[in-house]
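Here are a few short exercises to help you find your way around a new structure. Have a go at each task before you read its solution.

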Amino acid sequence: MKLVLVADPMCSWCYGFGKEMTALQERHPDMSLEIVVGGLRAGATDVLDDAGKRFRLEHWARVEQASGLPFNRDGLMARQGFVYDTEPVCRAVVAARILKPEADLLPVFRAIQHAFYVDALDTTDGAVLAQVGAEALSAAGYPITQDEFLTVWQAKSTIDATASDFVRARSMGVSSFPTLFLSDQGKLHRIGNGYAHVDTLEQEIGALLAA
């Protein structure tokens, strides 16, 4: 029995949901967590203009109200020529999985989210992602260098593995992020669709286990 989270690090509701996932893991230390990256805007090529930034700030305000997590609005508005392509950031999560398959990926996932939403770093840049990813893995007890991370992140096999995650997410019937499943003997049970508080998730898990 394990949890399966389908999400994208540059999805604002996924960022808010990260806190709830950490709390859920603390309540269920016996359950492992698998993360499938969804590719919210994978391959996007359009530059984010001021209207697009303001649109996202509206979403950010709702996520901030629901989750209490901070957002760096000035950092987003100051960014010039930014293409909101989420493939690179998803690939960083996959690279961490390839480098340290035994590691819990949630701290890495949340570190990348923090880099984008709070530190206002360019998480479409490989060097930035390699630094954040390597530091997060190392902090979790899996020492890795930035160069090692970047090499894996750049590999064609990692690009292909990331694309496979996107296909898998669609095959699971996921159309919005985050979506959380409980996997029991290979069968997936959806327990969360969109942002939800940990207590709500706990109730859903309890109902499934009782059934």
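**Exercise 1: two unusual phi values**

At 79% relative accessibility, Q185 counts as exposed, because exposed means over 50% relative accessible area, buried under 20% and partly exposed in between (1.4 Å probe, protein chains only). This is a predicted model, where local features need pLDDT of at least 70, side-chain atom pairs count only at pLDDT 80 or more, and totals for chains, interfaces and linings use all residues. Residues are numbered from 1 along each chain as its sequence is written, and side-chain values use heavy atoms, with hydrogens and water left out.

Task: find where Q185 lies, and work out whether A120 is buried, partly exposed or exposed.

Solution, step by step:
- Q185 sits in the loop between β3 and β4; helices (H or I, at least four residues) and strands (E, at least two) are DSSP runs, numbered from the N terminus.
- Phi of Q185 is positive, about 55°, although Q185 is not a glycine.
- A120, in the loop between α5 and α6 (126-139), has a positive phi too, near 60°.
- A120 counts as partly exposed because its relative accessibility is 22%.
- As background, most residues other than glycine have a negative phi, and most peptide bonds are trans.

**Exercise 2: a cis bond and a sheet**

Task: say which residues the cis peptide bond joins, then give the strand order of the open sheet.

Solution, step by step:
- The cis bond links F177 and P178, with omega about -5°.
- P178 belongs to the loop between α8 (156-171) and β3.
- The open sheet has 4 strands in the order β2-β1-β3-β4, with mixed pairing; two strands pair if DSSP finds at least two bridges between them.
- At the edges are β2 and β4 (187-193), each pairing on one side only.
- β3 (residues 179-184) and β4 run antiparallel and are joined by 6 bridges. F181 has R190 in β4 as its bridge partner.

**Exercise 3: pockets and a cavity**

Task: find which residues lie nearest the centre of the largest pocket, then which residues line the largest cavity.

Solution, step by step:
- Start with the terms: on a 1 Å grid over the protein atoms alone, a cavity is a set of points where a 1.4 Å probe fits but cannot get out, while a pocket is an open set with protein on both sides within 12 Å along at least five of seven lines; lining residues have an atom within 4 Å of a point.
- Grid points are joined across faces, edges and corners, and a volume is the space filled by probe spheres set on the points.
- The largest pocket, about 240 Å³ in volume, has 15 lining residues, with M10, C11, S12, L40 and H59 nearest its centre.
- α2 contributes the most to that lining, 4 residues.
- The second largest pocket has a volume of about 170 Å³; L33, P101, A103, D104 and L105 lie nearest its centre, out of 13 lining residues.
- There is 1 cavity of 30 Å³ or more, lined by W60, N72, G75, L76, R79, F116, Y117 and A120. So A120, the partly exposed residue from the first exercise, turns up again here.

**Exercise 4: a covered helix**

Task: work out how many residues of α4 are buried.

Solution, step by step:
- Helix α4 (residues 87-99) has 13 residues.
- Of these, 11 are buried, including E87, R91 and L99.

Key. Expected span 1.5 Å × (residues − 1).
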